[in-house]
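Here is a colleague's note to read alongside the model. Keep the viewer open and find each residue as you go.

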Amino acid sequence: MSGESKKPGSEPGVKYSRVMLKISGEALMGDQGYGLNPRTVARIANEVKLVQEMGVEVCMVIGGGNIFRGLAGSAQGMERTTADYMGMLATVMNALAMQSALEQLGVFTRVISAIPMDQVCEPYIRRRAVRHLEKKRVCIFAAGTGNPYFTTDTAATLRASEMGCEAVFKGTKVDGVYDKDPNKFDDAKRYEAVSYDEALEKHLGVMDATAIALARDNDLPIIVFSLDEPGGLRTILAGEGTYTTVNSKG
């Protein structure tokens with residue numbers, strides 16, 4: 001799958017024409033300790049709008065950690081399967097919040113859930129989702145893969161592969177992948193690029209191992225960037241900015 005291909009309507013110089021944006025649920029909290037910060041959700045929605053205006057087709061997967069995290073529930077004695085399903089429902093809530101923010105900006109959006117709940121969102125049907133993208137609608141994939149024991153990172157990589165995305169953009173609180181936590185160590189080194197195997201071997205924390213392995217098997221680049229930098233995603237899509245690319249070459 002080549003990242004150089006372009007579709008009609010993309011701005012000159014834009015490397016990717018269809019991308020997956022993966023953000024954590026915690027990213028929606030802003031400076032709160034829990035839940036949704038409307039201003040933060042609106043800011044991220046505006047970032048997505050700017051990218052779409054470049055002619056890029058956008059998919060999204062949002063985690064649920066700001067509301068409920070399955071592993072945390074499991075650690076407290078809850079059955080893992082039940083805890084994971086609760087986490088999936090949290091991602092639906094976040095997806096609906098992002099849909100509302102995008103539509104207030106005039107961006108047509110569809111929330112597509114791996115767990116059927118027809119009153120609030122569409123069920124996942126691959127061909128229908130692809131058609132939404134072709135019609136320049138933002139597709140937010142919710143409820144993970146629909147299965148327990150799989151993270152939203154894995155869901156993002158899976159849906160990106162199914163949708164024919166050319167890259168997964170993972171928005172984090174730092175501007176790339178480091179050899180150690182840059183918030184704790186002043187001598188932390190940022191990688192410009194790293195291979196899938198190196199990310200797995202060194203446990204660099206890009207995504208969980210299943211997601212990285214799936215990306216490797218489908219030759220799907222993962223681009224890690226800072227979600228806190230205004231206009232960061234648009235800048236990177238234009239070939240500038242600071243980020244780390246995880247691919248087969250490293």
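1. Let us start with D219, which sits in the loop between α7 (209–217) and β10 (222–226). Helices (H or I, at least four residues) and strands (E, at least two) are DSSP runs, numbered from the N terminus. D219 has a positive phi of about 50 degrees, although this residue is not a glycine. Most residues other than glycine have a negative phi. At 36% relative accessibility, D219 is partly exposed; buried means under 20% relative accessible area, exposed over 50%, and partly exposed in between (1.4 Å probe, protein chains only).

2. A word on what you are looking at. This is a predicted model, in which local features need pLDDT of at least 70 and side-chain atom pairs count only at pLDDT 80 or more, while totals for chains, interfaces and linings use all residues. Residues are numbered from 1 along each chain as its sequence is written, and side-chain values use heavy atoms, with hydrogens and water left out.

3. Now look at A143, in the loop between β5 and α5. Its phi is near 65 degrees, a positive value in a residue other than glycine. Is A143 buried or exposed? A143 counts as buried, at 0% relative accessibility.

4. Next, please visit Y196, found in helix α6 (residues 196–201). Y196 is buried, with a relative accessible area of 2%. Which residues does Y196 contact, leaving aside its neighbours within four places in sequence? They are I212, A215, R216, D219, L220, P221, V246, N247 and S248, where contact means heavy atoms within 4.5 Å. You have already met D219 from this list, in the loop between α7 and β10.

5. Stay with Y196 a moment longer. A polar atom of the Y196 side chain lies 2.7 Å from the backbone oxygen of L220. A polar contact is a pair of N or O atoms within 3.5 Å; within protein, one must be able to donate a hydrogen and the other to accept it, and residues adjacent in sequence count only if both atoms are side-chain atoms. For a sense of distance, the C-alpha atoms of Y196 and T152 are separated by 18 Å, and these residues are 44 apart along the chain.

6. D84, in helix α3, makes a good companion case. D84 is buried, with a relative accessible area of 10%. Not counting residues up to four places away in sequence, D84 touches G70, L71, P148 and Y149. With Y149 there is a polar link as well: a polar atom of the D84 side chain lies 2.7 Å from the backbone nitrogen of Y149.

7. On to charges. Side chains of opposite charge can pair when their charged atoms come close. A salt bridge is a side-chain nitrogen of Lys or Arg within 4 Å of a carboxyl oxygen of Asp or Glu, and by this rule the count comes to 14 salt bridges. One of them joins K136 and E57 (3.1 Å, N to O). K136 lies in the loop between α4 (126–134) and β5 (138–142) and E57 in strand β2 (residues 57–62), so the pair ties together parts that are 79 residues apart in sequence. K136 is partly exposed, at 36%, while E57 is buried, at 6%.

8. Two further salt bridges deserve a look. In one, D187 pairs with K180, the closest N and O atoms being 3.1 Å apart; D187 is exposed at 54% and K180 partly exposed at 31%. In the other, the side chains of D217 and R216 meet at 3.7 Å, N to O; D217 is exposed at 59% and R216 partly exposed at 35%. Salt bridges that share partners also join R18, E57 and K136 into one network.

9. Finally, how much space lies in the largest pocket? About 1,100 Å³. On a 1 Å grid over the protein atoms alone, a pocket is an open set of points where a 1.4 Å probe fits, with protein on both sides within 12 Å along at least five of seven lines, and lining residues have an atom within 4 Å of a point. Grid points are joined across faces, edges and corners, and a volume is the space filled by probe spheres set on the points.

10. Of the 49 residues that line this pocket, the closest to its centre are K22, S24, R69, D153 and K170. Helix α3 gives the most to the lining, with five residues.
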